[in-house]
Amino acid sequence: MSLEENLNRVLDRYDELANLMASEQPPAAEDFAKLSREYAELSPVVEGISELRAAQAEMADLGELMADPDGDEEMKELAEAEFIDLKEKLPDLERRVQLLLLPKDEADSKNAILEVRAGTGGDEAALFAADLFRMYQRYAEARRWKFEIMGVSETGIGGFKEAVASIAGADVFSRLKYESGVHRVQRVPVTESGGRIHTSAATVAVMPEAEEVDVQVDEKDLRIDVFRASGPGGQSVNTTDSAVRITHLPTGIVVSQQDEKSQHKNKAKAMRVLRARLYEAERMARDAERAEARRSQVGSGDRSERIRTYNFPERRVTDHRINLTLHRLDAILNGELDEVVDALTAEDQARKLTEMTG
């Protein structure tokens, strides 16, 4: 389908929605809400199309004025200057409309569950996992998102074996979805007396937080075990069976939660993580149907894929998916992630545009 056909299709649908909502027999409340949502989503696209078409119409008028053999020469010069100005703006207007036409990821507007786990590298990997977790916490603070720590398993020397948080705010998942994968660090460990550079890794998983309407979980598919919470080294930190482990029997997904003193609160938190994992599994399964397209994707979300290296001796961060290297390691670990996120988003949009227009 050509760009023009696509634009006409959007305009026709927009008019159809307006007529349906304004009809003498309006649709039922639920359907009306759905139509209103679609109408609101199409509004910026229609605005972009109107701007583009107005520029094209103005260029056509100016072209006629310039070609008029009886026209005033001074007017023709003015028309030519305006024509050149509009011609330069046109590609940007077209690109804006094309970006607005790209299919939306329904999860983009959702909040997210963040999981960071130490990978290969022992204590050093756990220290790096803690650094990454703090990096996302600072990024969330800078964007005024709510960052709620749901559970941390510490190593005792400041490292994290595993840390889980929920992040709520505007466009959280759309900004963080490219972070899933293996993050590698190259540095001299604090524990290393010889000063040799070690390579360690941590895995990051970012999942859209699912509402109950997104994922239906049947109670009979769950096995819920309760046990006593334990701290570092396995010592009991709690005299009641408040920790909760939920196993989703059909998929084998297991979620444990022990940070709260209340069993009820731990169960509620564990269910949030379970829903997010089930929702993410469904999304990945849908994406797998387009396996070839996904292989070229910037944010494939594959947790075994090495996506980024943080090199301390050279103070650089390299994102391997888009060959981006920035010598701003301290700033990035301090939560200044926008430059990386913007570059990943732009690359993903460019690929989708090529697929749409190619």
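Biologist: Which residues have the most contacts inside the largest nonpolar core?
Modeller: The model is predicted. Nonpolar side chains tend to be buried together in soluble globular proteins. Here the largest nonpolar core has 57 residues, and those with the most contacts inside it are Leu 114, Leu 132, Tyr 136 and Tyr 310.

Biologist: Which element gives the most to this core?
Modeller: The core in question is the one with 57 residues. Nine of its residues come from the element that gives the most, helix 4.

Biologist: How many residues are in the second, separate core?
Modeller: This core includes Ala 79, Leu 86, Val 97 and Leu 101. Its size in residues is 20.

Biologist: Which residues of strand 4 (residues 181-187) does Tyr 310 contact, leaving aside neighbours within four places in sequence?
Modeller: With those neighbours left aside, the contacts of Tyr 310 include Phe 128, Leu 132, Leu 329 and Leu 333. Strand 4 covers residues 181-187. The contacts of Tyr 310 that fall in that range are His 183, Arg 184, Val 185 and Gln 186.

Biologist: Which residue in helix 4 forms a salt bridge with Arg 187 at 2.4 Å?
Modeller: Side chains of opposite charge can pair when their charged atoms come close. The closest N and O atoms of Arg 187 and its partner are 2.4 Å apart, and that partner is Glu 124. The pair links distant parts of the chain, 63 residues apart, from Arg 187 in strand 4 to a residue of helix 4 (residues 122-142), Glu 124.

Biologist: Are Arg 187 and Glu 124 buried or exposed?
Modeller: The cut-off for a buried residue is under 20% relative accessible area. Arg 187 has 10%, so it falls below that cut-off. Glu 124 has 8%, so Glu 124 too is buried.

Biologist: How far apart in sequence are Asp 131 and Arg 187?
Modeller: Asp 131 forms a salt bridge with Arg 187, with the closest N and O atoms 2.9 Å apart. Asp 131 lies in helix 4 and Arg 187 in strand 4, so the pair ties together parts whose separation in sequence is 56 residues.

Biologist: Which residues are joined into one network by salt bridges that share partners?
Modeller: One bridge in the network is between the side chains of Arg 117 and Glu 115, at 3.1 Å from N to O. Arg 117 is partly exposed at 24% relative accessibility, whereas Glu 115 is buried at 1%. Through shared partners, the network consists of Glu 115, Arg 117, Glu 162 and Arg 277.

Biologist: What is the distance between the end C-alpha atoms of helix 2?
Modeller: Helix 2 runs over residues 29-67, which is 39 residues. At 1.5 Å a residue the expected span is 57 Å. The distance in the model agrees with that, at 55 Å.

Biologist: Where in helix 2 does a kink lie?
Modeller: The kink is of about 30°. It lies shortly before the proline Pro 44, at Ser 43.

Biologist: Which helices do the buried residues of helix 2 pack against?
Modeller: The buried residues of helix 2 include Leu 35, Leu 42, Ile 49, Leu 52 and Leu 62. Their packing partners are helix 1 (3-22) and helix 3 (73-101).

Biologist: What share of the residues in the whole protein is buried?
Modeller: The protein has nine helices and eleven strands, and its length is 358 residues. It exposes about 19,600 Å², of which carbon and sulfur atoms supply 49%. Of the residues, the buried share is 41%.

How values were computed
Residues numbered from 1 in each chain as written. Predicted model: local features only at pLDDT ≥ 70, side-chain atom pairs only at ≥ 80, totals over all residues. Heavy atoms only, no water. Helix = DSSP H or I, 4+ residues; strand = E, 2+ residues; numbered from the N terminus. Expected span 1.5 Å × (residues − 1). Bend = angle between axes of the 7 residues up to and from the residue. Buried < 20%, exposed > 50% of the residue type's maximum accessible area, 1.4 Å probe, protein only. Contact = heavy atoms within 4.5 Å. Salt bridge = Lys/Arg side-chain N within 4 Å of Asp/Glu carboxyl O. Core = buried A, V, L, I, M, F, W, Y, C linked by side-chain atoms within 4.5 Å. Areas by Shrake-Rupley, 256 points an atom, 1.4 Å probe, with all protein chains shown as cover.
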